[in-house]
Amino acid sequence: MQTIDHIRERLRSRLPAESVEVENQSHLHVGHAGAAGGGGHYAVTVVSKTFEGLNTLSRHRLVYAAVEDLMKKEIHALSIQAYSTDEL
């Protein structure tokens, strides 16, 4: 399973997310120190009822907690857009 699939699965199951989009942006960071370590740069957009009533920092903490073990090797950087279902 590729890292994108791992990220998508974790966010869908652990939040639970109704919508998850994951984009690999590693090609934009070639030559960056993190790229040399093997971890990729990813952007995620997540929609979940779990985010209702939470501020941005709290939402980001939930996303990071869902992919925490992937942050040690597979993910070097994660850009997050997190929305509650009532914000769409």
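Three salt bridges are present in this structure, which is a predicted model. The table lists each pair of side chains with its N to O distance.

| Salt bridge | Distance, N to O |
|---|---|
| D5 and R8 | 3.2 Å |
| R10 and D69 | 2.5 Å |
| E87 and R59 | 2.8 Å |

**A pair within helix α1**

The salt bridge between D5 and R8 is formed inside a single element: both residues belong to helix α1 and stand three residues apart, about one turn of the helix. An α-helix has 3.6 residues a turn, so residues three or four places apart point the same way. D5 has a relative accessible area of 33% and is therefore partly exposed. R8 is likewise classed as partly exposed, at 26% relative accessibility.

**A pair between helix α1 and a loop**

In the second pair, the side chain of R10 meets that of D69 at 2.5 Å, N to O. R10 is part of helix α1, whereas D69 sits in the loop between α3 and β3, so this salt bridge ties together parts that are 59 residues apart in sequence. R10 counts as buried because its relative accessibility is 13%, under the 20% that sets the limit for buried residues. D69, at 39% relative accessibility, counts as partly exposed.

**A pair between helix α3 and the segment after β3**

The third salt bridge joins the side chains of E87 and R59, at 2.8 Å from N to O. Distant parts of the chain are linked by this pair: E87 lies in the segment after β3 and R59 in helix α3, 28 residues apart. With a relative accessibility of 42%, E87 counts as partly exposed. R59 is buried, its relative accessible area being 8%.

**The buried side of helix α3**

R59 is also one of the buried residues of helix α3, which spans residues 56-66; V63 and A66 are buried there as well. These residues lie on the same side of α3 because they cover an arc of only 60° around the axis. Among the elements that cover the buried residues of α3 are helix α1 (3-14) and the strands β2 (40-47) and β3 (75-83). Helix α1 thus appears twice in this account: it contributes to the cover over α3, and it holds R10, the partner of D69 in the loop between α3 and β3.

The N-terminal end of α3 is capped by N55. A side-chain oxygen of N55 lies 3.2 Å from the backbone nitrogen of L57.

Conventions
Residues are numbered from 1 along each chain as its sequence is written. This is a predicted model: local features need pLDDT of at least 70, side-chain atom pairs count only at pLDDT 80 or more; totals for chains, interfaces and linings use all residues. Side-chain values use heavy atoms; hydrogens and water are left out. Buried means under 20% relative accessible area, exposed over 50%, partly exposed in between (1.4 Å probe, protein chains only). Helices (H or I, at least four residues) and strands (E, at least two) are DSSP runs, numbered from the N terminus. The arc is that of the directions from the helix axis to the C-beta atoms. Contact means heavy atoms within 4.5 Å. A polar contact is a pair of N or O atoms within 3.5 Å; within protein, one must be able to donate a hydrogen and the other to accept it, and residues adjacent in sequence count only if both atoms are side-chain atoms. A salt bridge is a side-chain nitrogen of Lys or Arg within 4 Å of a carboxyl oxygen of Asp or Glu.
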